[in-house]
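Reader: Hi! I'm new to this, so could you walk me through the structure we're about to open?

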Amino acid sequence: MHRFFIEPGQITEQSIVISGEDFKHITKVLRLGKDDVVEVCDGTGTDYQVVLNTPGDQTIAGVIKEHYPSLGENPELSVTLFQGLPKGTKMEVIIQKCVELGVVEIVPFSSMRTISQIKDKKDKKIERWQRIAYEAAKQSKRGIIPVVKDLQTLKDVLKEAAHFDLLLLAYEDENKRSLKVALMDFEKKSEAGKCLKIGVIIGPEGGFDPQEAEACRAAGIISVSLGTRILRTETAGMVVLSQLNFWK
Ligand code: SAM
């Protein structure tokens, strides 16, 4: 069934109205019309099954048959990826795959060993990355559109620790605590049934300077190993998200 994101403002009690690019796609490309059924998502976790009316000039309305929580979201987990700015176009792959794997927010950051630079916080790249997140959310039938935040520094990230139930540092030189052990320890102390807000920090190609790892630990961030092999920066976030999906 074709699926579209719409703004909550386009939904009333019984009906929805689709306009813009999606209107054109529905009528000109998919050639859908009266009595065809589509699925729309309000981007805040609810999906609607809609029976379309006859298209107008610029919009097409539909009657809501039923609505239900989006299956593309995990009510027990809200994961934020803090990604050390990688070189080239790797960030595009990271965003696409991590959206498919359920990430809710992606925060690019610069640190001592990041080589790639973004001109300023509002760099055009961020707009492009947000578009990639939107397309991946549509393709993977997410119930929300993950947000790509403006560029931060690792220092900014440290200040975020208090806003998370668990903030993890994937640290290549951590050789004591595995991700599995960290999650098991955390589970003992966490409330069952609560939606857990978890953050994971992934370094750039050059990794983390020991001083940075120390500063993270001092801020209450838990450093974890992802195993004895060194993963590429574009692989590491996916590994953590996959393991969190297995865990919850
Ligand atoms: N330059 C580092 C080195 O050669 O040891 C490798 C950095 S790795 C390419 C990029 C990031 O992926 C790391 O900073 C870390 O966040 C994560 N990562 C990769 N392999 C890891 C592992 N085995 N354990 C924990 N984190 C890992």
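Author: Sure! A pocket is an open set of points on a 1 Å grid over the protein atoms alone, where a 1.4 Å probe fits with protein on both sides within 12 Å along at least five of seven lines, and its lining residues have an atom within 4 Å of a point. The model is predicted, with local features needing pLDDT of at least 70 and side-chain atom pairs 80 or more, while totals for linings use all residues. Residues are numbered from 1 along each chain, and side-chain values use heavy atoms, without hydrogens and water.

Reader: Okay, so which residues lie nearest the centre of the second largest pocket?

Author: Phe5, Ile6, Glu7, Tyr134 and Ile145 do, out of 15 residues that line the second largest pocket.

Reader: Which helix gives that pocket the largest share of its lining?

Author: That's α3, with 3 residues. Helices here are DSSP runs (H or I, at least four residues), as are strands (E, at least two), numbered from the N terminus. Both α1 (20–29) and α3 (124–139) give two or more residues to the lining of the second largest pocket.

Reader: And the largest pocket, which residues are closest to its centre?

Author: Glu172, Ile230, Leu231, Arg232 and Ala236, from a lining of 25 residues. Helix α7 (residues 233–247) provides the largest share of the lining of the largest pocket, namely 3 residues.

Reader: Changing topic: how many aromatic pairs does the structure hold?

Author: There are 4 of them. Rings of Phe, Tyr and Trp (its six-membered ring) pair if their centres lie within 6.5 Å, and planes under 30 degrees apart are stacked, over 60 edge-to-face, the rest tilted.

Reader: Why does Phe82 with Phe164 count as edge-to-face?

Author: Because the planes of Phe82 and Phe164 stand at 70°, with the ring centres 5.7 Å apart. Phe82 belongs to strand β6 (residues 77–84), whereas Phe164 is in the loop between α4 (154–158) and β10 (166–170), so this pair ties together parts that are 82 residues apart in sequence.

Reader: Are those two buried or exposed?

Author: Phe82 and Phe164 are both buried, meaning under 20% relative accessible area (exposed is over 50%, partly exposed in between, with a 1.4 Å probe and protein chains only).

Reader: Nice! Why is the pair of Phe109 and Phe208 stacked?

Author: The planes of Phe109 and Phe208 are at 10° and the ring centres 6.4 Å apart, so they count as stacked. Phe109 sits in strand β7 (residues 105–110) and Phe208 in the loop between β11 (196–202) and α6 (210–218), 99 residues apart, so to speak of distant parts of the chain being linked is fair. Phe109 and Phe208 are buried.
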